[in-house]
Structure formats: structure tokens, C-alpha cells
Amino acid sequence: MNTNSDASGNRDLSHGPTADLSAGTGSLPAGSAEGGAEEQHQVTLRGPAQLADSLPYLLGFHPSDSVVLVALHGPRGRFGGRLRVGIPKSPQEWAPVASHLAECLMSNSERRGGRPDGVVVFLCQDPGEGQTGRQVMERLRAFAQRLRLACGALDVPVLEALCVSDGRFWSYCCPDRRCCPSEGTVLALPGTSVMAAAAAYAGIQVRGTLREMKARFASRTRAPERIRETVGALDDAGSAVMSRMLTEASSRQVGQETLVLARTLLRRLGRTAPPRGSWEDADSADDALITDAEAGAVLHGLQDRETRDLLAEWMEGPEAAHALRLWRLLARRCVGPYATYAAPPLTLAGWVAWSTGDEPEARVALGLALEVDRHYTFAQLLHQACNDGFDPEKLRACLRRERVGRSGGPVPGPPRGAPAGTGGNVLSSTGGNVLSSTGGNVLSSTRRKMPRASATRIPRASATRRTSVARRASSPSGRLPSGRGGARTADRQVAGPPARPGAGRRGAPPRMRRGARSGR
């Protein structure tokens, strides 16, 4: 099988908090040739073994407990849209999920340039306790068949279906046991394949597993007494802050105090480099730098969308890396009844990651924010924008203008080393805002044509995706997502102090709204 893989444009379109659909519709230069011409690096994949090895490089991480569908275009099988979603636990869900995934892949491929000529299916799941990879493969065989039937019903054949488990892969399509034995084929050692060499040349880094990426935003504390301490500190912070947010003047003062404290924590993280080694050690070191009381004060202040929008300005330059550490840390402190308070820091983490060119982490963070609160509009809009491959430079430029408008200085350009944008508008606006939340979740874009190519193109990590949209934003202020009358985001707000969790109390602390300024 001769398959050309396009590893660029790995964008995903969520059809739910746990679904990711990448529309690999673009290609980017892998380097610069002499005289400034753009050089394209091409990779040709042959056979199931190279296909299985290419998957982490296509997604940017090792998918765990996932089904991945990849669209193929043209006679040489150029990779197009990529879809990833968690494998349903119940076999009763396999048929409807398979039909839905096939329809999503086809419709989005057509919207971006053309109907696929074929599909490659990957089922990735590690064996549970007492299981083997072959048992996982046999259990998922019916799901693979459902996916093949669903794609075939849309007149698009599945050319290959692979199960990846326990360091091996199996083919559901190849009957030749000489190349696809029943005991499976061992995956190539990391960094030894042709795809790994091409990715290293292009500057593409593959993260750990999807499970590990999600774990960076989740509390690893399991001790009940430690959780009670954190919840108690958040209760105390809420009692001190929320009672002061009942009036306009005091709420603005709370917002300013939140900004000052968040800046203090940001500088503290910036002065302390994370230890080299595992991400667990780095996150644990960050956790030790900030107390529960400090984290609680910022978390309660972040429930106000104006304060949150101001903190979104930390999206580029040296402060972006420190801000991402801070937002991860705050999300990890949202335990027990305060789990829903993680939506703002998770969304800010997704925004910073997207702004700095780290789309895999952006999708993970924004997807987690929607799992926490599926109605959090800011996360919905950013997730949709990231999924559709919009250029974040327009939103960055609007945030720069907002910051300069308050200081009265000249509008700066992107800092040196920051991802450069095309300068075009990336998101359609309603009422002049860059992101529109009219109707709850509205993003309008042109239907960009999928560029045709005959070979794989591996982008350099610093390259910029070129995008376009239907309309230009009309407002010079370029505020963050609009809510009432297109002026603000329509996210949940907090106005009252939450009661301390106790006997007979269920659920999260109430997140009430502040008069006319609130709403979804």
C-alpha cells in the first residue's frame, strides 16, 4: 500500500466534549531553500507497519483509548482530514457512533475541498489488567466492522483498519498472515522509522499519550484530608471575595485585586524554572509555589468574564509559558464541589497553547473545559476556532490593542519568536467583536478549499498556517467574545459566596449571576 501522508494542518472539530476532528487541509513548508524558496519535505508510507508508526506524528501525541479515522484523497492516497474520538465502552453504542463518525468525516472533508477517496481506521487501546493486546483486538473487531460498513454505506471504502495495542498492531483488512500474523506485529522502536526521521527534520515533536496530557490539568491528590484542606481554602476565599461582588464598585476592585495577585503568581513562576525531568516533577514543583488560599482567590476572581478576558492578554512572549503553567496549576486545584470552577483556567490554558502554536495541548485543554462546563461560551468559541484552523493572530492583535488602549501607548507587533499571523481576520464578528457568541455558539468562516498535493508535506514547527474568513471584523476595539448585544462573552458568572460543603449539601458551589452583566 502506497500512502502519502500530509502531517500538516492537524486541526480538530469537536462534536462533543470528547470528540476531536482534524481537518488536515493545509500544507506548510518544512524548510527554506536557498534564495528564500519554500522547501517541501515529502514522505511516502508503505504498508500497515508504516501507517501504524505514523499515527502519533499525524496527531501530535500518542492516542490512547481512541478511534482515529483518516481521510485519503487522490490516486496516491494523500492524507486529509483526521478524526479522533474516545472508543465507546458499550458495544451497543458502536453502530450509531460509527455512523456518526463516518458522516462527520465525509461532511467536513467535502466542506473543505473534496470527498475522500478512502479511509484508514485506527483503533488504539491498551489492554486492561489480565488482558492481552490480541484480546483487545478481537473485542474491537466488531467495532472495526461497524466503521467499515458505515463508510461503505457512504460509498467511501476503508482501505485499512488497524488495531494498536500493547506495543503491537493488527490489521483487520489484510488476510495474509505472512505480513500480518495473528499474534500481531511489533511496532517500530520510537525514533527509528522514516516518519520519525522526517518529523525530526521538520521540528515536529510528539507528546506523550493523550491520558498523560489530560493528567497535567487534573489534581493528582487522592488523600481525603488534602482534598478537604483545598476545598476549605477555596471556601474561605469565596467567602472573602464573593460578598464584595454585589456592587459595581466593589466588584471592580475585586477584579483589580485578582489581576494583581495573578501577576504576582506569574512572576513567582517565572523566577523559578521547572526542574528538568518528568512533567510530574515539573507540575509538583509548580504546585508547591502557590498556596491554596492564593489559588482560591484567583479562581473566584476568574469567574468574572471581564477579569478573565484581561488575563487572556498573557498569550505571547516569555509570559505565555509562565501563564500556561499558572492556568494548569489553577485547574489542578479545582477539586470536589469546585470542579466546575476549572472552566476558566482550562480555557485560558487552551487559548495560550493555541496562541503559541501548540494545537494538541490547546485541543486537550479546551475539550476538558467543555467536559467541565459544556455551556462555557468562551471555550466553545475558542474550540471551534482552533478546530477550524483559524489563525489566532487576529485575536492576539485585538488583545494588544485592548492593552494599549488602556495604557495610551503605540500598538506593538508580535514579539520576536512569537507565531506570526497572516494579518487577516480569522473569526467572523457580530457587533464588531472578534469572537461572536450570538445564539450561544456562532463562528462563521469561508469554506476554504483543500489544497491538492501529490505527496506528504511535513511542516516546520515555526511555520504559520494560512487561513481566511468570510467577513472582516468592523470594531476597532476588537474585544473578546460577545454576549449581550455583542459586547461580552456570555459565560456563567459568580455573584454570591458559596456555602461551605457539608452534610446534606450536594453538587458544586452555586455560580450565581451578577445582574444585567451576566448571562450565558
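Biologist: Let's start with threonine 307. Where does threonine 307 lie?

Modeller: Threonine 307 sits in helix 11. Keep in mind that this is a predicted model.

Biologist: Why is threonine 307 called buried?

Modeller: Its relative accessibility is 4%, and buried means under 20%. So threonine 307 counts as buried.

Biologist: Which residues does threonine 307 touch, leaving out those up to four places away in sequence?

Modeller: Threonine 307 touches Gly255, Thr258, Leu259 and Gly301.

Biologist: Gly301 belongs to helix 10, doesn't it, so what makes helix 10 largely enclosed?

Modeller: Yes, Gly301 is among the buried residues of helix 10. Helix 10 covers residues 292-302, and nine of its 11 residues are buried, so the rest of the structure largely encloses it.

Biologist: Which residues of helix 10 are the buried ones?

Modeller: Asp292, Glu294, Ala295, Gly296, Val298, Leu299, His300, Gly301 and Leu302.

Biologist: And what do the buried residues of helix 10 pack against?

Modeller: Six partners are listed here: helix 7 (224-242), helix 8 (248-271), helix 9 (279-289), helix 11 (305-311), helix 12 (318-332) and helix 13 (343-355). Helix 11 is the one that holds threonine 307.

Biologist: On to helix 2 and helix 4. Why are helix 2 and helix 4 called oblique to each other?

Modeller: The axes of helix 2 (residues 94-111) and helix 4 (residues 141-153) cross at roughly 45° and come within 8 Å. Angles under 35 degrees count as roughly parallel, and roughly perpendicular runs from 65 to 115. The crossing angle falls in neither range, so the pair is oblique.

Biologist: Which hand does the crossing have, left or right?

Modeller: Helix 2 passes helix 4 in a right-handed crossing. On the helix 2 side, the contact involves Trp94, Ala95, Val97, Ala98, Ser99, Leu101, Ala102 and Met106. Helix 4 brings Ala142, Phe143, Arg146, Leu147, Ala150 and Cys151.

Biologist: What makes cysteine 151 buried?

Modeller: Its relative accessible area is 1%, against a cut-off of under 20%, so cysteine 151 is buried. Cysteine 398, at 0%, counts as buried too.

Biologist: How many disulfides does the structure hold?

Modeller: Zero.

Biologist: How confident is the predictor, going by the mean pLDDT of the protein chain?

Modeller: The mean is 73, with 68% of the residues reaching 70 or more. Over residues 420-433 the pLDDT is below 50, though that stretch has 58 contacts beyond near neighbours in sequence. Residues 436-507 are also below 50, with 253 such contacts in the model. Where pLDDT is low, don't read the predicted coordinates in detail.

Notes: Residues numbered from 1 in each chain as written. Predicted model: local features only at pLDDT ≥ 70, side-chain atom pairs only at ≥ 80, totals over all residues. Heavy atoms only, no water. pLDDT = per-residue confidence, 0-100. Contact = heavy atoms within 4.5 Å. Buried < 20%, exposed > 50% of the residue type's maximum accessible area, 1.4 Å probe, protein only. Helix = DSSP H or I, 4+ residues; strand = E, 2+ residues; numbered from the N terminus. Disulfide = S-S within 2.5 Å. Axes fitted to C-alpha atoms, helices over the stretch in contact; angles between N-to-C directions. Parallel < 35°, antiparallel > 145°, perpendicular 65-115°, else oblique. Left-handed = near helix turned anticlockwise from the far one by under 90°.
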